[in-house]
Amino acid sequence: MTEYEKIIEVLKHLEIRNSDDSYDVSEKLRRYDRNLAEQISVSNGASKICFVFKNKPFVIKWSTYGYHEAMDEVEIYNRAITQDLAKFFPKTGFLIRVNGVDFVVQEKIDKAVSDCSRQDVQKFQRIAKTATDKIVFKIEREFGRAGNGYRRSLDHNWAKMAIVLYGKHACKALCQFVVDNSINDLHGHNIGYKNGRPIILDFSGYHR
(Lines give C-alpha, C1' and ligand atoms only; values in the text may rest on other atoms or scores of the structure.)
Protein backbone atom coordinates (compact mmCIF):
# COMPACT_ATOMS: atom_id res chain seq x y z
CA MET A 1 0.00 0.00 0.00
CA THR A 2 1.42 3.39 -1.00
CA GLU A 3 1.63 6.38 1.34
CA TYR A 4 -1.28 8.02 -0.47
CA GLU A 5 -3.39 4.87 -0.22
CA LYS A 6 -2.74 4.74 3.54
CA ILE A 7 -3.84 8.36 3.91
CA ILE A 8 -6.96 7.70 1.85
CA GLU A 9 -7.92 4.87 4.21
CA VAL A 10 -7.50 7.22 7.19
CA LEU A 11 -9.63 9.90 5.53
CA LYS A 12 -12.39 7.38 4.85
CA HIS A 13 -12.46 6.29 8.48
CA LEU A 14 -12.40 9.84 9.86
CA GLU A 15 -15.57 10.81 7.95
CA ILE A 16 -14.62 14.48 7.84
CA ARG A 17 -17.44 16.78 6.73
CA ASN A 18 -17.52 20.27 5.23
CA SER A 19 -18.92 21.65 8.47
CA ASP A 20 -16.07 20.30 10.65
CA ASP A 21 -13.66 22.89 12.00
CA SER A 22 -10.05 22.16 12.98
CA TYR A 23 -11.07 21.21 16.54
CA ASP A 24 -13.63 18.70 15.25
CA VAL A 25 -11.04 17.19 12.92
CA SER A 26 -8.42 16.96 15.67
CA GLU A 27 -10.89 15.16 17.94
CA LYS A 28 -11.84 12.69 15.20
CA LEU A 29 -8.17 12.00 14.54
CA ARG A 30 -7.41 11.40 18.23
CA ARG A 31 -10.38 9.06 18.58
CA TYR A 32 -9.30 7.15 15.48
CA ASP A 33 -5.61 6.71 16.38
CA ARG A 34 -3.83 8.63 19.14
CA ASN A 35 -0.38 7.60 17.91
CA LEU A 36 -1.17 8.82 14.41
CA ALA A 37 -2.59 12.05 15.83
CA GLU A 38 0.79 12.77 17.42
CA GLN A 39 2.38 12.65 13.96
CA ILE A 40 -0.06 15.12 12.39
CA SER A 41 -0.50 18.81 13.04
CA VAL A 42 -3.97 20.14 12.15
CA SER A 43 -3.74 23.73 10.96
CA ASN A 44 -6.39 26.01 9.55
CA GLY A 45 -6.77 29.30 7.71
CA ALA A 46 -9.70 31.40 6.59
CA SER A 47 -10.97 28.81 4.14
CA LYS A 48 -8.99 25.57 4.46
CA ILE A 49 -7.87 22.93 6.95
CA CYS A 50 -4.56 21.16 6.52
CA PHE A 51 -2.91 17.97 7.79
CA VAL A 52 0.82 18.62 8.19
CA PHE A 53 2.67 15.34 8.70
CA LYS A 54 5.87 15.38 10.74
CA ASN A 55 7.65 12.76 8.64
CA LYS A 56 6.08 13.01 5.18
CA PRO A 57 7.02 15.30 2.27
CA PHE A 58 3.43 16.38 1.64
CA VAL A 59 0.39 17.92 3.31
CA ILE A 60 -3.33 17.27 2.82
CA LYS A 61 -5.65 20.26 2.34
CA TRP A 62 -9.39 20.66 2.00
CA SER A 63 -11.92 23.48 2.01
CA THR A 64 -14.59 24.00 4.65
CA TYR A 65 -18.28 24.94 4.60
CA GLY A 66 -18.81 24.17 0.93
CA TYR A 67 -16.08 26.46 -0.38
CA HIS A 68 -13.66 25.28 -3.05
CA GLU A 69 -10.33 27.05 -2.49
CA ALA A 70 -8.36 23.80 -2.16
CA MET A 71 -9.52 22.58 -5.56
CA ASP A 72 -8.88 26.06 -6.95
CA GLU A 73 -5.23 25.49 -6.09
CA VAL A 74 -5.22 22.26 -8.13
CA GLU A 75 -6.53 24.14 -11.15
CA ILE A 76 -4.13 27.05 -10.67
CA TYR A 77 -1.16 24.70 -10.33
CA ASN A 78 -2.11 22.95 -13.57
CA ARG A 79 -2.27 26.33 -15.30
CA ALA A 80 1.15 27.19 -13.87
CA ILE A 81 2.56 24.03 -15.45
CA THR A 82 1.29 25.00 -18.89
CA GLN A 83 2.83 28.48 -18.53
CA ASP A 84 6.22 27.23 -17.27
CA LEU A 85 5.61 28.78 -13.84
CA ALA A 86 5.30 25.61 -11.75
CA LYS A 87 8.66 26.41 -10.11
CA PHE A 88 6.89 29.11 -8.12
CA PHE A 89 4.40 26.64 -6.59
CA PRO A 90 4.48 23.36 -4.64
CA LYS A 91 3.26 20.32 -6.57
CA THR A 92 -0.50 20.13 -6.01
CA GLY A 93 -3.07 17.53 -7.05
CA PHE A 94 -6.51 16.11 -6.28
CA LEU A 95 -6.37 13.09 -3.95
CA ILE A 96 -9.92 11.85 -3.24
CA ARG A 97 -13.48 12.92 -2.45
CA VAL A 98 -15.00 11.59 0.77
CA ASN A 99 -18.40 12.67 2.14
CA GLY A 100 -18.50 15.43 -0.45
CA VAL A 101 -15.14 16.84 0.70
CA ASP A 102 -12.39 17.15 -1.92
CA PHE A 103 -8.98 16.37 -0.43
CA VAL A 104 -5.90 17.78 -2.09
CA VAL A 105 -2.30 16.61 -1.69
CA GLN A 106 0.42 19.24 -1.83
CA GLU A 107 4.19 19.14 -1.63
CA LYS A 108 5.46 20.32 1.76
CA ILE A 109 7.67 23.41 1.73
CA ASP A 110 10.56 24.08 4.10
CA LYS A 111 9.19 27.21 5.78
CA ALA A 112 6.95 30.21 5.28
CA VAL A 113 8.41 33.71 5.24
CA SER A 114 6.77 34.34 8.61
CA ASP A 115 8.77 31.44 10.08
CA CYS A 116 12.17 32.54 8.79
CA SER A 117 14.87 33.11 11.39
CA ARG A 118 17.23 36.05 11.50
CA GLN A 119 19.91 33.80 10.03
CA ASP A 120 17.58 32.87 7.16
CA VAL A 121 16.90 36.51 6.40
CA GLN A 122 20.60 37.38 6.45
CA LYS A 123 21.36 34.49 4.10
CA PHE A 124 18.65 35.57 1.64
CA GLN A 125 19.86 39.16 1.77
CA ARG A 126 23.38 38.05 0.83
CA ILE A 127 22.13 35.95 -2.07
CA ALA A 128 19.80 38.63 -3.41
CA LYS A 129 21.97 41.70 -2.80
CA THR A 130 22.11 42.55 -6.53
CA ALA A 131 18.31 42.99 -6.80
CA THR A 132 17.07 46.57 -6.49
CA ASP A 133 14.20 47.92 -4.44
CA LYS A 134 12.84 49.55 -7.59
CA ILE A 135 12.12 46.16 -9.18
CA VAL A 136 10.61 44.87 -5.93
CA PHE A 137 8.21 47.81 -5.73
CA LYS A 138 7.17 47.09 -9.32
CA ILE A 139 6.40 43.45 -8.50
CA GLU A 140 4.50 44.52 -5.38
CA ARG A 141 2.47 47.00 -7.43
CA GLU A 142 1.67 44.35 -10.04
CA PHE A 143 0.65 41.83 -7.37
CA GLY A 144 -1.67 44.50 -6.00
CA ARG A 145 -3.69 44.31 -9.22
CA ALA A 146 -4.86 40.80 -8.29
CA GLY A 147 -8.27 42.13 -7.36
CA ASN A 148 -11.04 42.81 -4.88
CA GLY A 149 -9.13 45.57 -3.11
CA TYR A 150 -7.63 42.96 -0.77
CA ARG A 151 -3.93 43.82 -0.95
CA ARG A 152 -0.96 42.61 1.04
CA SER A 153 2.53 44.01 1.45
CA LEU A 154 5.03 41.76 -0.29
CA ASP A 155 8.09 40.54 1.59
CA HIS A 156 11.02 42.26 -0.14
CA ASN A 157 13.57 39.53 0.57
CA TRP A 158 11.28 36.94 -1.01
CA ALA A 159 10.76 39.11 -4.08
CA LYS A 160 14.49 39.78 -4.46
CA MET A 161 15.23 36.06 -4.21
CA ALA A 162 12.72 35.43 -6.99
CA ILE A 163 14.38 38.03 -9.20
CA VAL A 164 17.92 36.76 -8.62
CA LEU A 165 17.14 33.04 -8.88
CA TYR A 166 14.45 33.01 -11.58
CA GLY A 167 15.12 36.20 -13.52
CA LYS A 168 13.12 39.29 -14.46
CA HIS A 169 11.29 37.59 -17.34
CA ALA A 170 9.96 34.80 -15.10
CA CYS A 171 8.94 37.29 -12.41
CA LYS A 172 7.11 39.41 -14.97
CA ALA A 173 5.24 36.31 -16.14
CA LEU A 174 4.44 35.44 -12.51
CA CYS A 175 3.02 38.93 -11.95
CA GLN A 176 0.60 38.50 -14.83
CA PHE A 177 -0.27 34.98 -13.64
CA VAL A 178 -1.03 36.28 -10.12
CA VAL A 179 -3.35 38.93 -11.59
CA ASP A 180 -5.04 36.56 -14.04
CA ASN A 181 -5.78 34.05 -11.27
CA SER A 182 -6.70 36.62 -8.57
CA ILE A 183 -4.01 35.44 -6.15
CA ASN A 184 -4.48 38.41 -3.86
CA ASP A 185 -3.45 37.12 -0.43
CA LEU A 186 0.35 36.83 -0.56
CA HIS A 187 1.29 37.68 3.01
CA GLY A 188 4.12 36.13 5.01
CA HIS A 189 2.22 32.95 5.88
CA ASN A 190 1.34 32.22 2.24
CA ILE A 191 4.77 32.60 0.65
CA GLY A 192 7.96 30.84 1.64
CA TYR A 193 10.88 28.71 0.56
CA LYS A 194 11.58 25.20 -0.72
CA ASN A 195 15.23 24.16 -0.99
CA GLY A 196 16.22 27.81 -0.57
CA ARG A 197 14.04 28.97 -3.47
CA PRO A 198 10.99 31.27 -3.22
CA ILE A 199 7.63 29.58 -3.54
CA ILE A 200 3.94 30.42 -3.08
CA LEU A 201 2.37 27.89 -0.74
CA ASP A 202 -1.23 29.16 -0.51
CA PHE A 203 -2.49 30.53 -3.80
CA SER A 204 -6.28 30.32 -3.91
CA GLY A 205 -6.59 33.98 -2.94
CA TYR A 206 -9.12 35.50 -0.53
CA HIS A 207 -12.52 36.25 -2.05
CA ARG A 208 -15.06 36.48 0.78
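This tour proceeds through the pockets, a strand hairpin, a cavity, the salt bridges and the cysteines of a predicted model.

**Stop 1: the largest pocket**

Begin by selecting Cys50, Lys61, Asn190, Leu201 and Asp202, which lie closest to the centre of the largest pocket among the 25 residues that line it. The volume of this pocket is about 490 Å³. Next, colour strand S1 (40-44), strand S2 (48-53), strand S3 (58-63) and strand S5 (101-107), each of which contributes at least two residues to the lining. Which strand gives the largest share of the lining? That strand is S2, with four residues. If the lining is coloured by residue class, 11 nonpolar, eight polar and six charged residues appear.

**Stop 2: the hairpin of S4 and S5**

Strand S5, already coloured for its part in the largest pocket, pairs with S4 in the antiparallel sense over six bridges. Select strand S4, residues 92-98, in which five of the seven residues are buried. Within this pairing, Val98 has Val101 of S5 as its bridge partner. Now centre the view on Asn99, which takes a positive phi near 55° in the hairpin, where two residues stand between the strands.

**Stop 3: the second largest pocket**

Move to helix H6 (133-143) and helix H8 (168-180), the elements that each supply two or more residues to the lining of the second largest pocket. This pocket holds about 270 Å³ of space. To display the lining, select Ile135, Lys138, Ile139, Glu142, Ile163, Lys168, Cys171, Lys172, Cys175 and Gln176. H8 makes the greatest contribution, with five residues. By class, the lining consists of five nonpolar, one polar and four charged residues.

**Stop 4: the enclosed cavity**

Keep H6 and H8 in view and add helix H7 (156-166); these are the elements that give two or more residues to the lining of the largest cavity. How many cavities of 30 Å³ or more are there? The count is one, and the volume of the largest cavity is about 30 Å³. Select Ile139, Phe143, Trp158, Ala159, Ala162, Cys171, Leu174 and Cys175 to show its lining. The class colouring here gives eight nonpolar residues, with no polar and no charged ones. Ile139, Cys171 and Cys175 appear in this lining and also in that of the second largest pocket.

**Stop 5: salt bridges**

The structure contains 12 salt bridges, of which several merit a closer view.

- Select Glu3 and Lys6, whose side chains form a salt bridge at 4.0 Å, N to O. These residues are three apart in helix H1 (residues 3-14), and so are separated by about one helical turn. Glu3 is partly exposed, at 35% relative accessible area, and Lys6 is likewise partly exposed, at 40%.
- Select Asp120 and Lys111, which meet at 2.6 Å, N to O. Asp120 is buried, with a relative accessible area of 16%, whereas Lys111 is partly exposed, at 29%.
- Select Arg145 and Glu142, joined at 2.8 Å, N to O. Both partners are partly exposed: Arg145 has a relative accessible area of 42%, and Glu142 has 21%. Glu142 is also one of the residues lining the second largest pocket.
- Finally, select Lys48, Lys61, Glu73 and Asp202, which are joined into one network by salt bridges that share partners. Lys61 and Asp202 were selected earlier, among the residues closest to the centre of the largest pocket.

**Stop 6: the cysteines**

Conclude by displaying the cysteine sulfur atoms. How many disulfides does a search of the whole structure find? The result is zero. A disulfide is a covalent bond between the sulfur atoms of two cysteines. The cut-off applied to a pair of sulfur atoms is 2.5 Å.

Select Cys50 together with Cys116. The closest cysteine sulfur to that of Cys50 is in Cys116, 18 Å away, and is therefore too far for a bond. Cys50, at 11% relative accessibility, is buried.

Then select Cys171 and Cys175. The sulfur of Cys171 has that of Cys175 as its closest cysteine sulfur, but the separation of 6.9 Å is too far for a bond. Cys171 is buried, at 5% relative accessibility.

Notes. Residues numbered from 1 in each chain as written. Predicted model: local features only at pLDDT ≥ 70, side-chain atom pairs only at ≥ 80, totals over all residues. Heavy atoms only, no water. 1 Å grid on protein atoms, 1.4 Å probe; cavity = no way out; pocket = protein on both sides within 12 Å on 5 of 7 lines; lining within 4 Å. Points joined across faces, edges and corners; volume = space filled by probe spheres on them. Nonpolar A, V, L, I, M, F, W, Y, C, P; charged D, E, K, R; others polar. Buried < 20%, exposed > 50% of the residue type's maximum accessible area, 1.4 Å probe, protein only. Pairing = 2+ DSSP bridges.
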